[in-house]
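Work through the exercises below with the model open. Try each task before reading its solution.

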Amino acid sequence: MFLLFSSLENISSAQGQLHHNTTTGMWTGAASMASLWVASGPTIASFMFAWAMIQQYCPRAVVRFFQKYWSRLMNYFHPYIQISIHEFAGERLKSSEAFTAIESYLSKNSSNTAKRLKAEIGKDSTNLVFSMDDHEKVTDEFQGVKVWWVLNRTGSSTNSDNSYSPDRRYYSLTFHKKHRSLVTEPYLKHVLSEGKEIRVRNRQRKLYTNGSGGRWSYHHTMWSHIVFEHPATFDTIAMEAEKKQEIIDDLLTFTSSKDFYARIGKAWKRGYLLFGPPGTGKSTMIAAIANLLNYDIYDLELTAVKNNTELRKLLIETTSKSIIVIEDIDCSLDLTGQRKKKEKKSEDDEKEKPPKESSNKEDDTSSKVTLSGLLNFIDGIWSACGGERLIIFTTNYVEKLDPALIRTGRMDKHIELSYCSFESFLVLAKNYLNLETHPLFDQIKELMEDVKITPADVAENLMPKSPKDDIEKRLLKLIQTLQGAKEAAIIKESQEVSTAGSTITDLQLQTEGSSSS
Ligand SMILES: Nc1ncnc2c1ncn2[C@@H]1O[C@H](COP(=O)(O)OP(=O)(O)OP(=O)(O)O)[C@@H](O)[C@H]1O
Ligand SMILES: [Mg+2]
């Protein structure tokens, strides 16, 4: 009975598509007609054929008239209720959470019952996670009640006003009307909560990028991603223990403060500014943060963003439990210059207003993201959507940045990653050499007090270069590098002194010359 009615409905919807002349619609209609012939015999099939002809050839007004009575007739005889859950409902820009939860929930059932499955690599790349393929049907049972899930596609079409409606996925859930209250309340709640749990369990962390030239549409995301598999953790980061603990505490407090943020009326997000010379561990720290909090990373390539509108769309598409990273923010755009221009116009407060794009320059490939657009991105109204997000900027030149960009509230925590101290060296020695103490450490400590060396350079010296490189050899190599750097610093200093000395002598001679004349 259910099969018969779902075939009838399939035909009805397929004929709707036929009206728009889509190939998918025609094939689905033909397939459904054939299955109906088998399921219910030639009489109903002939009736359906007549109905198809009416839809195809009669004027729209006539079709609408028949449609009205057709759906009433169907409702009268049809004892089943159908609920559709669309991946992109209406003009929504984000994939529906309910859709993804259902997808995960059904993955368990699909692997047992569906005939066509899609497989994706699961967490830790050790297992496959299955989900049902398009147009597959899966049966589920809840408290002795049977329900049916089907994954459908609307089919793309060109509307009468020449606008394009993209192909969209949706789940339809069918159940007998006598179970309405059971299905709409406890069953769907159970599906959503279990689906979300399964999602978290199977979740692989992802590293997203916007740099691949993808363009946004209603169902295609502007971000592309790979599985995030960076091994850095806070244990492997070379940094003073106290400073490290302070950062960890700050991060953990943030993740557990959902209610606090809600109570004080603040969007649940936090900005971090990581600054310091190249090779001091800024990028490594981002990976360690993602690993600590189990967050995804959105690596935002600002120069690839066309304009402020595109920047906002990218923001909307990010999910919660994520880090939005803009590396080398000082190099990303000429943000300082743009702000200065604005200040000249004495419209300082304009930076808070939504950006205006010039439409005649739209197709220019260079980025038109402005400082005002970026400020809105960080803490404008749109930045609150999603929640539980960190925004991290990295820079080598903190002094180059516009104060508005890094003020508290935007970049809440400023973390300086600097040259390697002896305490940081001990962390690297533990990681690279599995060593907590060594007679050569005293000499290294003494040299490190005089010489500036980045953790990246220390790490490079501690790396084995051949199987014969033992611990002592690597430590000696580091000492050699430190001594070389110390000598270079002394030479540089003496050169600077002598240049300064000769400049003073020149000045004295000039003064004496001018006074004698
Ligand atoms: N604090 C650190 N702790 C552990 N390893 C580090 C640290 N700093 C640098 N390294 C090592 O040096 C390499 C380069 O570090 P990283 O890319 O994080 O530097 P960065 O500060 O982001 O540099 P840049 O400013 O050039 O982007 C890393 O692969 C890592 O192995
Ligand atoms: Mg970096």
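Helices and strands here are DSSP runs, helices of at least four residues and strands of at least two, numbered from the N terminus. The model is a predicted one.

**Exercise 1. Find where Asn294 sits and explain its exposure class.**

Step 1. Place the residue. Asn294 is in the loop between H9 and strand E12 (296-299).

Step 2. Check the backbone. Phi of Asn294 is positive, about 60°, although the residue is not a glycine. Most residues other than glycine have a negative phi.

Step 3. Count neighbours. A residue is exposed if 12 or fewer other C-beta atoms lie within 10 Å of its own. Asn294 has 11 C-beta neighbours inside 10 Å, so it counts as exposed.

**Exercise 2. Do the same for Gln143.**

Step 1. Gln143 belongs to the loop between strand E4 (137-142) and strand E5 (145-153).

Step 2. Its phi is near 45°, a positive value in a residue other than glycine.

Step 3. Gln143 counts as exposed because it has 10 C-beta neighbours inside 10 Å.

**Exercise 3. Describe the shell around ligand 1.**

Step 1. Count the residues. The shell holds 16, and the closest are Pro278, Gly281, Thr284, Pro455 and Ala456.

Step 2. Sort them by type. Eight are nonpolar, seven are polar and one is charged.

Step 3. Name the helices. Helix H9 (282-293) and helix H17 (455-462) each supply at least two shell residues.

Step 4. Assign the domains. Domain 3 (224-416) and domain 4 (422-507) each give at least three residues to the shell.

**Exercise 4. Map the largest nonpolar core.**

Step 1. Start with its members. The core has 56 residues. Those touching the most other members are Ile286, Ile289, Ile297, Tyr298, Ile323, Val325 and Ile392.

Step 2. Find the main contributor. H9 gives the most to this core, with six residues.

Step 3. Assign the domains. At least three core residues come from each of domain 3 (224-416) and domain 4 (422-507).

Step 4. Follow one member. Leaving aside neighbours within four places in sequence, Ile392 contacts Tyr272, Leu274, Ile286, Ile323 and Val325.

Step 5. Look elsewhere. Apart from this core lies another, of 15 residues, including Leu106, Leu151, Phe175 and Tyr187.

**Exercise 5. Summarise the whole chain.**

Step 1. The protein chain has 18 helices and 15 strands.

Step 2. Of its 517 residues, 26% are buried.

Step 3. Take the contacts with a separation of 6 or more. Residues 24 or more positions apart account for 69% of them.

Definitions and conventions: Residues are numbered from 1 along each chain as its sequence is written. Chains are lettered from A and ligands numbered from 1 in the order in which they are written. This is a predicted model: local features need pLDDT of at least 70, side-chain atom pairs count only at pLDDT 80 or more; totals for chains, interfaces and linings use all residues. A residue is near a molecule or strand if its C-beta atom, placed from the backbone, lies within 6 Å of it. Ala, Val, Leu, Ile, Met, Phe, Trp, Tyr, Cys and Pro count as nonpolar, Asp, Glu, Lys and Arg as charged, and the others, Gly among them, as polar. Domain bounds come from an automatic or database domain assignment. A nonpolar core is a set of buried Ala, Val, Leu, Ile, Met, Phe, Trp, Tyr and Cys residues joined through C-beta atoms within 7 Å. A residue is buried if 20 or more other C-beta atoms lie within 10 Å of its own, exposed if 12 or fewer, and partly exposed in between; C-beta atoms are placed from the backbone. Two residues are in contact if their C-beta atoms, placed from the backbone, lie within 7 Å.
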